[in-house]
Amino acid sequence: NAQNSNETSIRFDQSQKIKDVLSFVQSKYVDSIESKIATDLALGALLSNLDPYSEYIPSQYMHKYADQIQGKIRGIGIDLVEIDSQLMVSQVRSQSPAAIAGISVGDYILEIENHAVIPFLTNPDSIAYFIENYESDSILLKWKNHIQNQIQKEKIAIAELDEHPVT
């Protein structure tokens with residue numbers, strides 16, 4: 001069992017290395033570092049480098065992932081795609097806040113909360129994430145209606161939407 005003892009010692013040395021580095025950085029770094037955030041970042045980096053499918057989910061986000069698995073998301077009810085360097089609405093869920101506001105497939109999203117949507121700096125996933133995590137019950141959206149060729153701007157409710165989970 002000398003081999004098992006040696007493996008345990010190596011594992012301890014490696015975990016101690018992480019603790020030592022974190023302690024050193026906390027004592028010497030010019031700004032304060034929250035150990036929970038640093039640990040979450042380190043674990044995220046470790047797992048994301050294993051393969052394209054591994055991901056670390058911090059405990060405070062587990063309920064969001066559970067909701068997504070169960071088919072519940074927070075949003076306005078649109079899907080976006082990047083077309084010709086613009087973010088175009090590719091789907092509008094019926095009876096969603098976006099549908100009620102008059103957004104339709106083919107419309108282009110121009111601004112969110114008075115910030116220009118710049119496709120090469122943002123992408124459909126980052127916009128969805130921003131809306132899902134926005135700390136208000138509504139969001140100001142500016143879009144170009146492709147049918148009427150008009151710019152529209154309106155506060156749109158953010159709601160809990162039912163999605164069909166992947167089975």
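The following paragraphs describe the fold, strand pairing, salt bridges, helix faces and backbone angles of a protein chain.

The model is a predicted one, and its protein chain contains five helices and eight strands. Followed along the sequence, these elements are arranged in the pattern α-α-α-β-β-β-α-β-β-α-β-β-β. Of the 167 residues of the protein chain, 24% count as buried, and the accessible surface amounts to about 11,800 Å², with 54% of this area belonging to carbon and sulfur atoms. Among the contacts in the protein chain with a separation of 6 or more, 49% are made by residues that stand 24 or more positions apart.

Strand β2, which comprises residues 78–83, runs antiparallel to strand β3, which comprises residues 86–92, and the two are joined by six bridges. Isoleucine 83 has glutamine 86 in β3 as its bridge partner. The hairpin formed by β2 and β3 has two residues between the strands, and in this hairpin aspartate 84 adopts a positive phi near 50°.

Positive phi values are also found in two other loops. Glutamate 113, although not a glycine, has a positive phi of about 50°, and its place is in the loop between β4 and β5. With a relative accessibility of 17%, glutamate 113 counts as buried because the limit for that class is under 20%. Asparagine 149, which is likewise a residue other than glycine, has a positive phi near 55° and is found in the loop between β6 and β7. In contrast to the buried glutamate 113, asparagine 149 counts as exposed, at 53% relative accessibility.

Side chains of opposite charge can pair when their charged atoms come close. A search of the whole structure yields five salt bridges. One of the salt bridges is formed by aspartate 137 and arginine 74, whose closest N and O atoms are 3.9 Å apart. Aspartate 137 lies in the loop between α5 (124–133) and β6 (138–145), whereas arginine 74 belongs to strand β1 (residues 72–75), so this pair ties together parts that are 63 residues apart in sequence. Aspartate 137 itself is exposed, with a relative accessible area of 62%.

A further salt bridge brings together the side chains of lysine 153 and glutamate 111, with an N to O distance of 3.9 Å. This pair links distant parts of the chain, since lysine 153 is placed in strand β7 (residues 150–157) and glutamate 111 in strand β4 (residues 108–112), 42 residues apart. The two partners fall into separate classes of accessibility: lysine 153 counts as partly exposed at 45%, while glutamate 111 counts as buried at 17%. The connection extends to another residue, as Glu111, Lys142 and Lys153 are linked in a network of salt bridges.

Glutamate 113, described above for its positive phi, also takes part in a salt bridge, its partner being lysine 155, with the closest N and O atoms 3.4 Å apart. Here too the pair links distant parts of the chain, with glutamate 113 in the loop between β4 and β5 (115–116) and lysine 155 in strand β7, 42 residues apart. The buried glutamate 113 thus meets a lysine 155 that counts as partly exposed, at 47% relative accessibility.

Helix α5 shows a division between buried and exposed positions. Ile127, Ile131 and Glu132 are buried in α5; these residues cover an arc of only 130° around the axis, which puts them on the same side of α5. Asp125 and Tyr129, by contrast, are exposed on the other side of α5.

The structure holds one aromatic pair. It is formed by phenylalanine 130 and tyrosine 134, whose rings are 5.4 Å apart from centre to centre, with an angle of 45° between the planes, and the arrangement is tilted. The angle of 45° leads to this description because stacked planes would be under 30 degrees apart and edge-to-face planes over 60. Both partners are partly exposed, phenylalanine 130 having a relative accessibility of 38% and tyrosine 134 one of 22%.

Conventions:
Residues numbered from 1 in each chain as written. Predicted model: local features only at pLDDT ≥ 70, side-chain atom pairs only at ≥ 80, totals over all residues. Heavy atoms only, no water. Phe/Tyr/Trp six-rings, centres within 6.5 Å; stacked < 30°, edge-to-face > 60°. Buried < 20%, exposed > 50% of the residue type's maximum accessible area, 1.4 Å probe, protein only. Pairing = 2+ DSSP bridges. Helix = DSSP H or I, 4+ residues; strand = E, 2+ residues; numbered from the N terminus. Salt bridge = Lys/Arg side-chain N within 4 Å of Asp/Glu carboxyl O. Arc of directions from axis to C-beta. Contact = heavy atoms within 4.5 Å. Areas by Shrake-Rupley, 256 points an atom, 1.4 Å probe, with all protein chains shown as cover.
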